[in-house]
Amino acid sequence: MNLTRKIIRCILIGIAFSSSIYLVSELFSKTLSNSKLEIFSVLLLGAFIGLFSMIFEIDERLSFLAQLIIHFFLTAFAVFIFAYVNGIHVTLINGSFGFVLIYMVVWLIVKSQINRDVKEINQKLLSKKNERD
């Protein structure tokens with residue numbers, strides 16, 4: 001897959017995740033105050049987080065743990081900038097706990113998807129090998 005397609009794919013996946021998380025969080029909100037700035041910010045935030053995720057695909061020199069730590073802090077920085085721009089009061093402890101919880105849930109979803117994809121690819125390779133034997 002060429003770089004342009006990877007960038008577009010990462011941006012769209014980031015937007016999908018951020019939009020979904022935003023909509024679900026709005027379900028539990030006591031007040032619905034969706035400004036155009038907030039909606040645009042969610043889309044932009046998702047696009048940036050998607051771009052940050054490219055570190056897992058393009059930088060092979062770093063260990064997975066280093067990539068994960070870099071991605072975590074870039075994402076945290078973007079989320080707290082989002083909160084500041086949109087006037088959302090977030091305490092360091094409360095905001096950090098919510099962010100870490102959401103980050104872990106998304107990470108587990110992505111990790112399970114990757115595991116499922118790898119298992120499916122391995123099964124296809126095994127069946128092709130068995131056909132040749």
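Let me begin with a term: pLDDT is the predictor's confidence in each residue, given on a scale from 0 to 100. We need it here because the structure on the screen is a predicted model, and pLDDT is the predictor's own confidence in each residue. The protein chain averages a pLDDT of 86, and 96% of the residues score at least 70. Among the parts of the chain, confidence is highest in helix H2, at 91, and lowest in helix H3, residues 55-58, at a mean of 84. As a general caution, where pLDDT is low, the predicted coordinates should not be read in detail.

I would like to stay with two helices, and I will start with H2, which covers residues 36-52. At 1.5 Å a residue, its 17 residues should span 24 Å, and since the end C-alpha atoms of H2 are 24 Å apart, the expectation and the model agree. The buried residues of H2 are Glu38, Ser41, Val42, Leu45, Gly46, Ala47, Ile49, Gly50 and Phe52, and what covers them includes helix H1 (3-27), H3 and H4.

The other helix is H4, which runs over residues 64-85, and its 22 residues should span 32 Å at 1.5 Å a residue; the end C-alpha atoms are 31 Å apart, which agrees. Its buried residues include Gln67, Leu68, His71 and Phe82. Just after H4, Gly87 takes a positive phi of about 65°.

Now, where do H2 and H4 appear together? Each of them supplies at least two residues of the lining of the second largest pocket, and that pocket has a volume of about 190 Å³. H2 gives the most to this lining, with 7 residues. Among the lining residues are Leu37, Phe40, Ser41, Leu44, Phe77, Ile81 and Val85. By class, the lining has 11 nonpolar residues, 1 polar residue and no charged residues.

Let me finish with one residue of that lining, Ser41, which is found in helix H2. Is Ser41 buried or exposed? Its relative accessibility is 9%, and because buried means under 20%, Ser41 counts as buried. If we leave aside its neighbours within four places in sequence, Ser41 is in contact with Phe82, Val85 and Asn86. Phe82 and Val85 also belong to the lining of the second largest pocket, and Phe82 is itself one of the buried residues of H4.

Key. Residues are numbered from 1 along each chain as its sequence is written. This is a predicted model: local features need pLDDT of at least 70, side-chain atom pairs count only at pLDDT 80 or more; totals for chains, interfaces and linings use all residues. Side-chain values use heavy atoms; hydrogens and water are left out. Helices (H or I, at least four residues) and strands (E, at least two) are DSSP runs, numbered from the N terminus. The expected span of a helix is 1.5 Å times one less than its number of residues. Buried means under 20% relative accessible area, exposed over 50%, partly exposed in between (1.4 Å probe, protein chains only). On a 1 Å grid over the protein atoms alone, a cavity is a set of points where a 1.4 Å probe fits but cannot get out, and a pocket is an open set with protein on both sides within 12 Å along at least five of seven lines; lining residues have an atom within 4 Å of a point. Grid points are joined across faces, edges and corners, and a volume is the space filled by probe spheres set on the points. Ala, Val, Leu, Ile, Met, Phe, Trp, Tyr, Cys and Pro count as nonpolar, Asp, Glu, Lys and Arg as charged, and the others, Gly among them, as polar. Contact means heavy atoms within 4.5 Å.
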